[in-house]
Amino acid sequence: TKLLEGTKAKLEAPYRERILKQKETTLTPREREIRAKPKNERTPEEARLFEGISVALKVGWEEVAAEVAQNSTDQQQRESIKRQIYEIERHAPKPPAEAMAMIEESSVRPETWVLKRGNVKNKRMIVDPRPPEVLVANMGGSAAFCPPAHPIDTTHSGWRLALAQWMVATNNPLTARVIVNRLWQHHFGRGLVATTSDFGTRGEAPANQALLDYLAGELIRNGWHLKPIHRLMVTSKAYQLSTQSGDSTGADRDPDNRYFWRMNRTRMDAEGLRDSILAASGQLNRKAGGPGVLIGLEPEVRSLIFTEQEQVELWPVDDDPTERCRRSIYVYRKRNVHYPMFDAFDAPDALTPCPVRAVSTHSPQALVMFNSEFAQESAAALARLLLRYSEDEHVRVNEAFLRCYSRKPSRAEMREAVKFTSAGAGTELARWSDFALALINSNEFVYVP
C-alpha cells in the first residue's frame with residue numbers, strides 16, 4: 001500500500017499546490033510577513049497567529065477530491081489507485097483484539113502541587129496523594145488511605161495500588177453501594193438511589209437505605225463478584241412482582257413506585273431490541289469475542305457522512321452476512337455515524353456520560369420499526385422461517401407467538417392471525433412478512449413484561 005499511496009500522492013501534488021496558491025492569494029500583507037519570519041524571531045502573538053494561518057491554509061482531502069474530479073483522466077486513475085488500496089486493506093488479516101490499559105513505567109513519584117486558581121504557573125505547595133477529604137472524612141479518616149512510604153519496585157510507585165486498595169476496603173462502602181445501585185437500576189429501571197452518578201448532598205436519598213447497605217455488604221462478602229448479586233436480584237420477590245398496579249393502596253401512597261411495590265414496566269433498550277428482533281427471526285449470530293463488526297448503513301445516513309467525491313467504499317461491511325447479525329455489543333460504533341434504530345430508541349451518543357438512559361416516545365420509532373431496511377429484512381426472514389417450519393397455518397402462528405412473545409396465542413389471536421395470513425393480498429411470503437412485522441412492532445414485543 002505504501003507504493004500505491006506514493007503514486008496517489010504524486011498524482012495529487014499539482015492539485016494540492018494549485019489549491020494552496022489560491023488560498024495564499026487571500027492572505028493580508030501582515031499575514032505574509034508573519035509567515036516569512038523565521039520561527040525563532042516570531043513574538044508569542046505572531047506564533048499564535050502563525051498557527052491560525054497554517055490551519056487556514058491546510059489543504060483537505062475533500063478539496064483535492066473536488067479539484068481532481070474536474071479532470072476525468074486523473075479522476076479515474078485516482079479512484080483506481082484508491083480501489084486497489086481499499087481491496088488490499090479489506091482483505092488483510094485483522095489485527096488481534098487488544099484492550100487499552102495504563103501502566104507505570106517508572107517508580108519515580110512526580111510532585112503534586114496545589115495551584116492557585118488552577119494556574120499551572122502559580123504553584124502554592126506540594127501535597128501527598130490522597131482522595132478528596134469529603135470522601136475520606138466519614139470512612140475511617142486519613143488512615144483509610146495509606147500509600148507506601150517508598151516505591152514497591154523499580155517500575156511501581158505503589159500509589160495506584162494504594163488507591164485500588166482504598167476503593168475496595170471494607171471500611172469504604174461507597175464503591176460497593178455505587179456498583180449495586182447501578183445493577184439495581186439495570187434490573188428494575190430505577191436505582192435505589194435515583195441519581196446513580198451523584199451520592200452526594202445534591203443527590204436523592206436512597207429509597208431503602210437498609211437494602212442498599214445489605215446488597216453492598218453481599219457484594220463485598222462475595223469477593224466483589226457480580227454474578228451472585230445479579231442472581232440475588234433476579235430471584236428476589238421484588239423482581240418477580242407484576243407490572244400491573246392491582247394494589248390501589250400502593251398507587252395512592254407511592255404513585256412513582258419509588259419503593260418498588262410493583263415491577264416497573266420498562267422498554268427494551270436499543271441494543272436489546274435489535275438483538276431480540278434478530279433472535280426472533282432466527283438470524284442472531286451468538287458468536288462471542290473478536291473485533292467490532294461493521295453493519296449496513298441506511299441510505300440517508302450514508303449520504304450525510306460520506307461525500308459524493310469519494311467513490312470508494314468508506315464503510316466496508318463484512319462480506320459474511322451472518323457476521324452482520326451479531327449481537328449489538330459487537331457492532332462497531334463511530335461517534336459521527338448514527339444508526340437510526342439506536343438513535344430512535346435513546347442509545348447514548350458516546351460523546352457524553354449517560355448514567356441513566358432517557359426513555360422517549362415519538363413517531364420516528366414507529367417509522368424505524370416499520371419502514372427501515374433492517375425491520376423489513378428481519379420480518380421477511382421470520383416469515384421464511386415460519387413457512388419452512390410447517391405447512392399448517394395454526395402451527396406457524398403458534399411458533400411465531402412463541403418466538404416473539406414466549407407464549408402461545410389466545411383463541412381470538414389465533415383466529416385473527418390465520419384470517420390475516422390466508423386472506424390478505426399479495427404472495428404468501430408477503431402476507432407472512434406483514435404478519436411478522438406486526439408482531440415485532442407490538443408493545444408486548446418492545447416492552448419487557
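# A tour of two pockets, a patch and some salt bridges

The largest share of the lining of the second largest pocket comes from α16, which supplies four residues. That is our starting point, so to speak, and one thing to know before you click: this is a predicted model.

**Stop 1: the second largest pocket**

Select α16, residues 373-389, then add α12 (270-280) and α14 (340-344). Each of these three helices gives at least two residues to the lining of this pocket. Now show I295, G296, R324, F374 and E377 as sticks: among the 21 lining residues, these lie nearest the pocket's centre. How much space is in there? About 570 Å³. If you colour the lining by class, you should get eleven nonpolar, five polar and five charged residues.

**Stop 2: the largest pocket**

Wondering how anyone finds a pocket at all? Rolling a probe the size of a water molecule over the atoms shows where empty space is left.

Next, go to the largest pocket, with a volume of about 970 Å³. Its lining has 25 residues, and Q185, H186, G189, R267 and D269 are the closest to its centre. Which element gives the most to this lining? Select α8 to see the answer: α8 provides five residues, the top contribution. You'll find α8 at 174-188, and β3 at 266-267 also supplies at least two lining residues. Colour by class again, and this time look for twelve nonpolar, seven polar and six charged residues.

**Stop 3: a nonpolar patch on the surface**

Leave the pockets and select L163, M167 and V168. Together they make a nonpolar surface patch with about 220 Å² of accessible area. Zoom in on M167, which sits in helix α7, residues 159-167. Is M167 buried, partly exposed or exposed? Its relative accessible area is 35%, so M167 counts as partly exposed.

**Stop 4: salt bridges**

Time for some charged pairs. Side chains of opposite charge can pair when their charged atoms come close. How many salt bridges does this model have? The count comes to 27. Let's visit three of them.

Begin with R78 and E79, where the closest N and O atoms are 3.7 Å apart. Both partners are tucked away: R78 is buried because its relative accessible area is 3%, under the 20% cut-off, and E79 is buried too, at 8%.

Move on to R83 and E87, a salt bridge with its closest N and O atoms 3.6 Å apart. Select helix α5, residues 72-91, and you'll have both partners on screen. They are four residues apart, about one turn of the helix. R83 has a relative accessible area of 34%, which makes it partly exposed, and E87 is partly exposed as well, at 27%.

For the third pair, pick R407 and E444, whose closest N and O atoms are 2.6 Å apart. This salt bridge links distant parts of the chain, with the two positions 37 residues apart in numbering. R407 is in the loop between α17 (393-405) and α18 (411-423), while E444 belongs to helix α20, residues 443-446. Check the surface here: R407 is partly exposed at 25%, and E444 is partly exposed at 37%.

Before you leave the charges, select K8, E12, R16, R78, E79 and K82 together. Salt bridges that share partners join these six into one network. You've already met two of its members, R78 and E79, as a pair.

**Stop 5: two distances to try**

Finally, get out the distance tool. Pick the C-alpha atoms of V127 and T421. How far apart are they? The separation is 75 Å, for residues 294 apart along the chain. V127 is in strand β2, residues 123-127, and is partly exposed, with 29% relative accessibility.

Then pick the C-alpha atoms of D392 and R411. These two are 19 residues apart along the chain and separated by 16 Å. Where does D392 sit? Look in the loop between α16 and α17. With 36% relative accessibility, D392 counts as partly exposed. That brings you back to α16, the helix that gives four residues to the lining of the second largest pocket.

Technical notes. Residues numbered from 1 in each chain as written. Predicted model: local features only at pLDDT ≥ 70, side-chain atom pairs only at ≥ 80, totals over all residues. Heavy atoms only, no water. 1 Å grid on protein atoms, 1.4 Å probe; cavity = no way out; pocket = protein on both sides within 12 Å on 5 of 7 lines; lining within 4 Å. Points joined across faces, edges and corners; volume = space filled by probe spheres on them. Nonpolar A, V, L, I, M, F, W, Y, C, P; charged D, E, K, R; others polar. Patch = residues over 30% accessible without salt bridge, like charges linked within 9 Å, V, L, I, M, F, W, Y side chains within 5 Å. Areas by Shrake-Rupley, 256 points an atom, 1.4 Å probe, with all protein chains shown as cover. Salt bridge = Lys/Arg side-chain N within 4 Å of Asp/Glu carboxyl O. Buried < 20%, exposed > 50% of the residue type's maximum accessible area, 1.4 Å probe, protein only.
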